[in-house]
Amino acid sequence: MPPPSARFCAHLRTKTAYYRTPDGERIFKPDVSTACYTCLKTQRPVGPDGRPVDAQSCGTERGCFQPE
Amino acid sequence: MSRRVTLNLGFEGNTRDVTVVIPDDEPTPWQWGERLSVVGKPTARVDGPLKATGAAHYTYDIELPGMLYGAILRSPWPHARIRNIDLSAAEHLAGVRAVLALEDREIRFAGQEVAAVAAISSDLADDALKLIKVDYQTMRFVVNMDRAMGDSAPRVFGSGSNVGRTSTSSVGDVPRGLQVAANTIEATYTTPVQTHVCLETHGAVASFNAAGDRLTVWCSTQGVFSVRDDLAVYFSLPPDNVRVVCEFLGGGFGSKFGATPEIIVAARLARAAGVPVKVMLPRGDEHRSTGNRPNSEQRVKLGVDRDGKLTAIDLVQRGSGGIGGGAGSAAPFKSVYRCTNIRTEERDIYTNAGPASPMRAPGWPQGCFALELAMDEMARKAGIDRLEFRRRNTDNPVRAAEYEIGARAFGWTEKTSSPKSSGALKRGVGVASAEWHAVGVSGPEAQVIAHRDGSVEVRVGTQDIGTGTRTILAIVAAEELGLPVDRVKSEIGDTRFLFSVPSGGSLSAPSNTPAVRQAAAHLKDKLFRIAAPILGAEPGDLEAADGSIRVRTNPSRSLAFADVCKRIPGDSISAQGERVPNYQGFRTDQAGCQFAEVEVDTETGIVRVTHVVAVHDAGRIIDPLTARSQVNGGILMGIGFALFEDRRMDPQLGIMVNPTMDDYKLPGPLDVPQIDVTFFEVANGITNTGVMGLGEVAHVASAAAVACAVYDAIGVPVRSLPITPDRVLAALGRA
């Protein structure tokens, strides 16, 4: 499995991602149902492509994805 | 290098020795029952006088030479496409220095940012907004969660479904658990959208240097480093070229984590205008656009056997965070009570309303309300005392002990056995259980400095969300250095200090205090090396206590702390500490419970909370005063959620109809009950201070306890929050 930094868009934000693991990775918990996601580019829960953002859908398949 | 330390962990009557491995330079964790000099003693907030006199500088108070005032134009439409924006009239208004059209051309909620201006006064900025001509192509919208799920409902995101993320979990066999149950109940509970209502609205003052490659931002934030890092990415600047300052913060509750829209807008306007720009949101925008706690509809099924043990818990939930997700509420169902058969299903529903953001214990107050009221409905059906029902279904020894402490303090037995009033005023009592997990994280670093005048300074890049961070950091350093608290000054809220994490998730105290203690211990070692030759002792033979540095075995051989500082060769001496990863300790969870008593006027439907008893564990309590203050705040916020708060949307216009503090009802001074708080100390051994967070666990159960008390008072459950007079009367069949 690739490290989280390669899996999540550099602009994806959620509360836990402002904390890091002891290994320095941003913390994403895709299974947590209370996580509110935003895109730093829009500062809203919608990406530049007009689709909702979250840890499951903000992957490399989206044109706006940017690796960390 | 590391060492092994044996700690006596647990709580009174239930302790055990646990060996933990800690880094060599970590101070030995404080032991269970260890008597400390200032930790655990009530200490008034060190910055209380600054706040009380108005001398504390919030972002709102920042004024810079040549500063402009920014304002944001927001969409009046809940769903629209922007065909054109004409900024020219605004740009030509005298006194306007910058005008921006924001990029997103699709509007998804009323209140979404469209454009922004900076002008020499805030009135002029507002005038300029009125000159911006926006050509909107309005679109069908939906602000009601039920309607949003319909096949013909307008889509919030293009052709995508309005049903967002679905989360499911299952352990055991719920159908079987319901089948074998001696009693079952099924009911649906709803909670409203709650807004954060930070007293200090979101806002920022931004200033670029002349070259445009260095940015300084003063903002109302829960995370100065989070904002710094976001701004660095957004503006493609090295993080070191961005400084973020938040000396005082007027509330956040989860809504002020990173670079939120108004911070970005302030910085963009500042860059465009070439001078500092301040953007502080008006109250209406705060309600509409800065986040909220999503609503919920929770269908709950419970089953119990003949012994009153839960055989099944089933939750089907949906909630709407407007255009955002994160509306789940299942967490309490999965972990508060012991049951082998649990199934949960949660669904996010998109609507054309302002997006959710994290809010004090996300999901828990909603879930706890539904779970606890269902527990009471089941207890009544099964003929079991409600507290006894909870006792039978907990396997958490901390919570079990807390039930007994709370029941005694509240007078549960007396109050539940006394007859109800025969008049219009009915009294009732309720109890609800809390849970949280706030052991803190590694990452923060701290610096502690001793000056030649004997004063001590703590510097950490954290911020005070209102919990008393300055105070507890000073207490921890004072404890380690053997000083009174007033000799220590805490400096926080600036990215020029060493890194710290955001203040959220109840993580500030457990994340920062261990770093401060380690830094203070390192500083102490340096001071011991100065004092040792004078005292004719080895540094390892010394201790810091009672304002002195002295020989441990012969305290009469001592030097005043200030006299040691006079021998500092330079102006000051400093040391750093880091927050190391958590050790393996006693438990990583927190329990807690709250008891509430209410008075319900069955003629008017008005509910008044008269008494709340709260019992909470948060590891070691550093300052009982600030800790109690957090519990008080959690309870009052819970009373607001239970009885008053409700974001109302106009289904015809798609706008929030109560975006003021007059119309969005909040508890006032007359709604504050008697509150009695007991801290149940649990030695967790997870860090060198053993501190756990308290901000969220103190809020989880409050609304639920009130709702349960109302049910007890009137004999009918009110399954929808807020419990307004009309709902009470409807429940009584008198509407």
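**Getting to know chain B**

User: What radius of gyration does chain B have, and what would a compact globule have with 735 residues?
Analyst: This is a predicted model. Chain B has a radius of gyration of 28 Å, and a compact globule with 735 residues would be near 27 Å, so the two agree.

User: OK, and what box do the C-alpha atoms fill?
Analyst: Along the principal axes, the C-alpha atoms of chain B take up a box of roughly 85 × 75 × 45 Å.

User: How much of chain B is buried?
Analyst: Buried residues come to 57% of its 735 residues. As for contacts with a separation of 6 or more, 78% of those in chain B link residues 24 or more positions apart.

User: Switching topic: how many helices and strands are there in chain B?
Analyst: Chain B has 20 helices and 30 strands.

User: Tell me about one helix. Is H17 of chain B enclosed or not, and why?
Analyst: H17(B) is largely enclosed by the rest of the structure, because 15 of its 20 residues are buried. This helix covers residues 624–643 of chain B and reaches 28 Å from its first C-alpha to its last, close to the 28 Å expected.

User: Which domains is chain B divided into?
Analyst: Domain 1 is 1–35 + 396–439 + 582–735, domain 2 is 49–65 + 197–290, domain 3 is 68–161 and domain 4 is 440–580.

User: How many Å separate the centres of domain 1 and domain 2 of chain B?
Analyst: Their centres are 32 Å apart, taken over C-alpha atoms. The contact takes 6 residues from domain 1 of chain B and 5 residues from domain 2 of chain B.

User: And what classes are on the domain 1 side?
Analyst: Where domain 1 of chain B touches domain 2 of chain B, its side has 5 nonpolar residues, 1 polar and no charged ones.

Key
Residues are numbered from 1 along each chain as its sequence is written. Chains are lettered from A and ligands numbered from 1 in the order in which they are written. This is a predicted model: local features need pLDDT of at least 70, side-chain atom pairs count only at pLDDT 80 or more; totals for chains, interfaces and linings use all residues. Helices (H or I, at least four residues) and strands (E, at least two) are DSSP runs, numbered from the N terminus. The expected span of a helix is 1.5 Å times one less than its number of residues. A residue is buried if 20 or more other C-beta atoms lie within 10 Å of its own, exposed if 12 or fewer, and partly exposed in between; C-beta atoms are placed from the backbone. The radius of gyration is taken over C-alpha atoms; the globule rule is 2.2 Å times the number of residues to the power 0.38. Two residues are in contact if their C-beta atoms, placed from the backbone, lie within 7 Å. Domain bounds come from an automatic or database domain assignment. Ala, Val, Leu, Ile, Met, Phe, Trp, Tyr, Cys and Pro count as nonpolar, Asp, Glu, Lys and Arg as charged, and the others, Gly among them, as polar.
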